[in-house]
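Visitor: Could you take me through a single part of this protein in some detail? I would like to look closely at the place where its domains meet.

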Amino acid sequence: MTELLRPHAEQLFADELAALERVDDRPRPPQWRLSPWAVTTYVLGGEADGVTITPKYVGRRRLIELAVATLATDRALLLLGVPGTAKTWLSEHLAAAISGDSTLIVQGTAGTPEESLRYGWNYARLLAEGPTRDALVPGPVFRAMEGGKLARVEELTRIPSDVQDALITILSEKALPIPELDDEVQAVQGFNVIATANDRDRGVNELSSAMRRRFNTVVLPLPDSADEEVEIVRLRLDSIGQTLELPPATSALEEIRRVVTIFRELRSGVTEDGRTKLKSPSGTLSTAEAISVVTNGLALATHFGDGELSPEDVAGGLTGAVVQDPVADRVVWQEYLEAVVRERDGWGALYRACRAL
């Protein structure tokens with residue numbers, strides 16, 4: 001486990017899942033590892049059998065309850081939100097808590113083939129034996145149907161519309177036809193699909209009305225407050241830092257708050273006090289990007305500094321996150337530095353480090 005760069009959720013939090021399983025005496029849907037109540041506790045944090053359950057998602061409890069309740073029905077779940085709202089992170093942890101397996105995943109891209117949502121063929125056996133069940137190569141959704149588990153479809157709207165339609169029969173009939181064998185695979189109890197999507201990125205394919213009707217949609221918002229966003233960044237940094245052997249995030253809270261403040265102000269187009277209107281850059285400046293900026297800064301501080309995160313350590317990542325368009329975003333960033341960062345007490349070192357870049 002310690003040698004893995006990125007353990008799956010069911011591996012990394014095996015002790016927490018086992019503790020919840022020991023004390024979970026509430027009704028469980030068929031094939032679920034935990035009850036809906038225990039799944040929600042695993043995601044939002046709590047205590048079980050003397051074990052502290054760390055929060056995996058910081059946000060409104062009702063949203064998580066809606067998501068978990070959907071998966072307990074025959075409706076699929078669509079997690080919708082702008083980039084960086086923890087859609088993929090949440091889908092992984094829901095699959096880990098419900099099925100004990102978060103690896104049945106289809107990554108949506110413009111080149112995702114229909115076989116990824118259905119099945120493929122071992123062409124050597126296909127040529128030698130013809131179409132047989134042994135020559136068939138089941139995809140993640142196929143395996144989830146057979147095993148009564150959750151399948152994850154990431155970035156559903158990046159998948160071409162004609163390929164998306166392969167999910168319609170699966171979601172409505174809970175069966176996957178195999179016309180080459182005059183056969184089908186029927187889903188067993190416990191099977192369902194979690195999809196994620198956003199409409200901000202380029203290359204988005206709209207979902208058809210037929211597809212949307214087969215999902216219950218839960219919209220994941222950006223963090224409500226700066227404190228909430230700081231806490232999200234801190235939690236993720238603690239998790240990442242253990243693997244990368246970086247200092248704990250508690251030592252970097254001042255710089256985390258600065259990065260979060262800058263991102264929130266540029267996203268909203270106004271300073272926290274509401275006095276100064278700002279231009280917004282072309283990027284999303286999501287919480288995920290804030291985590292990346294601070295992680296990179298901690299690595300710089302650890303390997304090229306004294307181990308303490310400084311403004312100079314975050315300046316490079318911060319500038320790179322904001323300036324996506326080298327012309328328009330550069331102007332936005334320079335104006336923000338001069339009008340806001342330069343004038344704030346205690347932000348002089350960050351202003352100088354960013355200007356130097």
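Guide: Happy to; here is a walk from the whole chain to the domain interface. Please keep in mind that this is a predicted model. For orientation, the protein chain holds 17 helices and 11 strands, and its C-alpha trace spans about 70 × 50 × 40 Å along the principal axes. The radius of gyration is 23 Å, which agrees with the value near 21 Å that a compact globule of 357 residues would have.

Now to the two parts that meet. The domain assignment places domain 1 at residues 9-219 and domain 2 at residues 226-356. Their C-alpha centres are 33 Å apart. At the interface, 8 residues of domain 1 are in contact with 10 residues of domain 2. Between them, domain 1 and domain 2 bury an area of about 690 Å², and carbon and sulfur atoms give 69% of that area. On the domain 1 side, the residues that lose the most area to domain 2 are Val-58, Gly-84 and Trp-89, which together make up 59% of what that side buries.

What about polar links across the interface? The rule finds 0 salt bridges between domain 1 and domain 2. Likewise, the count of residue pairs in polar contact between the two domains is 0, with both residues required to be at pLDDT 80 or more. As for the side of domain 1 that touches domain 2, its residues divide into 5 nonpolar, 2 polar and 1 charged.

Definitions and conventions
Residues are numbered from 1 along each chain as its sequence is written. This is a predicted model: local features need pLDDT of at least 70, side-chain atom pairs count only at pLDDT 80 or more; totals for chains, interfaces and linings use all residues. Side-chain values use heavy atoms; hydrogens and water are left out. Domain bounds come from an automatic or database domain assignment. Contact means heavy atoms within 4.5 Å. Buried area is the accessible area (1.4 Å probe) that two parts lose on being put together, summed over both. A salt bridge is a side-chain nitrogen of Lys or Arg within 4 Å of a carboxyl oxygen of Asp or Glu. A polar contact is a pair of N or O atoms within 3.5 Å; within protein, one must be able to donate a hydrogen and the other to accept it, and residues adjacent in sequence count only if both atoms are side-chain atoms. Ala, Val, Leu, Ile, Met, Phe, Trp, Tyr, Cys and Pro count as nonpolar, Asp, Glu, Lys and Arg as charged, and the others, Gly among them, as polar. Helices (H or I, at least four residues) and strands (E, at least two) are DSSP runs, numbered from the N terminus. The radius of gyration is taken over C-alpha atoms; the globule rule is 2.2 Å times the number of residues to the power 0.38.
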